[in-house]
Amino acid sequence: MKTLFYLSTCDTCKRIINSLDLPEDIKLQDIKTEAITASQLEDMRGLTASYESLFSKRARLYKELGLKDKSLTDDDYKNYILEHYTFLKRPVLIFNNNIFIGNSKKVVEAAKQAIHE
């Protein structure tokens, strides 16, 4: 699977997409208009350590719901991501059985290298 999960209203996602110079065979999925399926999330989970690694603790809802004060399980992280797109740390790129999660410079550079090697 070659898919980039992103939010079209996020300037950081747009900047990263432009900087990656993506090949045409990568599917772009705007998670706001095309929700992540349970199957897609399970595929992501299979490529990373936990659902928590896919979960954005910067989301406004994270603070509004008081989740930072709760002890969440991996299943809780999974359910919150499926419940609302804002909980997915983004962008998420799946490319040739590798996953790149988030917008740190290190992750973006690793994604660029994987795409253009």
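In the predicted model, the lining of the largest cavity comprises nine nonpolar residues, one polar residue and no charged residues. This cavity has a volume of about 60 Å³, and the structure holds one cavity of 30 Å³ or more. Its lining is formed by Leu4, Ile16, Leu20, Pro91, Leu93, Phe100, Gly102, Val107, Val108 and Ala111. Two elements, α1 and α5 (105-115), each give two or more residues to the lining of the largest cavity. Of the elements, α5 gives the most, with three residues.

The two helices that contribute in this way to the cavity lining also pack against each other. The axes of α1 and α5 come within 10 Å and cross at roughly 35 degrees, and the crossing is right-handed. On the α1 side, the contact is made by Ile16, Ser19 and Leu20, which meet Val108, Ala111, Lys112 and Ile115 of α5. By class, the residues of this contact divide into five nonpolar, one polar and one charged. Several residues take part both in the helix contact and in the cavity lining, among them Ile16 and Leu20 of α1 and Val108 and Ala111 of α5.

A second helix pair is formed by α2 (residues 38-46) and α4 (residues 74-83), which pack at an angle of about 135 degrees with their axes 10 Å apart. Because of this angle, α2 is oblique to α4. The crossing of α2 and α4 is right-handed, as is the crossing of α1 and α5. In the contact, Ala38, Leu41, Glu42 and Arg45 of α2 meet Asp74, Lys78, Ile81 and Leu82 of α4. The residues of the contact between α2 and α4 comprise four nonpolar and four charged residues, with no polar residues. In the contact of α1 with α5, by comparison, five residues are nonpolar, one is polar and one is charged.

The largest pocket encloses about 530 Å³ of space. It is lined by 22 residues, of which Ser56, Arg58, Ala59, Thr86 and Arg90 are the closest to its centre. The elements that give two or more residues to this lining are α1 (11-20) and α3 (60-64). The largest share, three residues, comes from α3. The lining of the largest pocket divides into eight nonpolar, seven polar and seven charged residues, whereas the lining of the largest cavity has no charged residues. Helix α1 is thus named among the contributors of two or more residues both to the pocket and to the cavity.

Two features of the backbone were also identified. Arginine 90 and proline 91 are joined by a cis peptide bond, with omega about -5 degrees. Proline 91 is placed in the loop between α4 and β3 (92-95). The two residues of this cis bond are also found at the spaces described above: Arg90 is one of the residues closest to the centre of the largest pocket, and Pro91 is one of the residues that line the largest cavity. The second feature concerns asparagine 96, a residue other than glycine whose phi has a positive value, near 50 degrees. Asparagine 96 lies in the loop between β3 and β4 (98-101).

Notes. Residues are numbered from 1 along each chain as its sequence is written. This is a predicted model: local features need pLDDT of at least 70, side-chain atom pairs count only at pLDDT 80 or more; totals for chains, interfaces and linings use all residues. Side-chain values use heavy atoms; hydrogens and water are left out. On a 1 Å grid over the protein atoms alone, a cavity is a set of points where a 1.4 Å probe fits but cannot get out, and a pocket is an open set with protein on both sides within 12 Å along at least five of seven lines; lining residues have an atom within 4 Å of a point. Grid points are joined across faces, edges and corners, and a volume is the space filled by probe spheres set on the points. Helices (H or I, at least four residues) and strands (E, at least two) are DSSP runs, numbered from the N terminus. Ala, Val, Leu, Ile, Met, Phe, Trp, Tyr, Cys and Pro count as nonpolar, Asp, Glu, Lys and Arg as charged, and the others, Gly among them, as polar. Axes are lines fitted to C-alpha atoms, for helices over the stretch in contact, and angles run from 0 to 180 degrees between N-to-C directions. Angles under 35 degrees count as roughly parallel, over 145 as roughly antiparallel, 65 to 115 as roughly perpendicular and the rest as oblique. A crossing is left-handed if the near helix is turned anticlockwise from the far one by less than a right angle, and right-handed if clockwise. Contact means heavy atoms within 4.5 Å.
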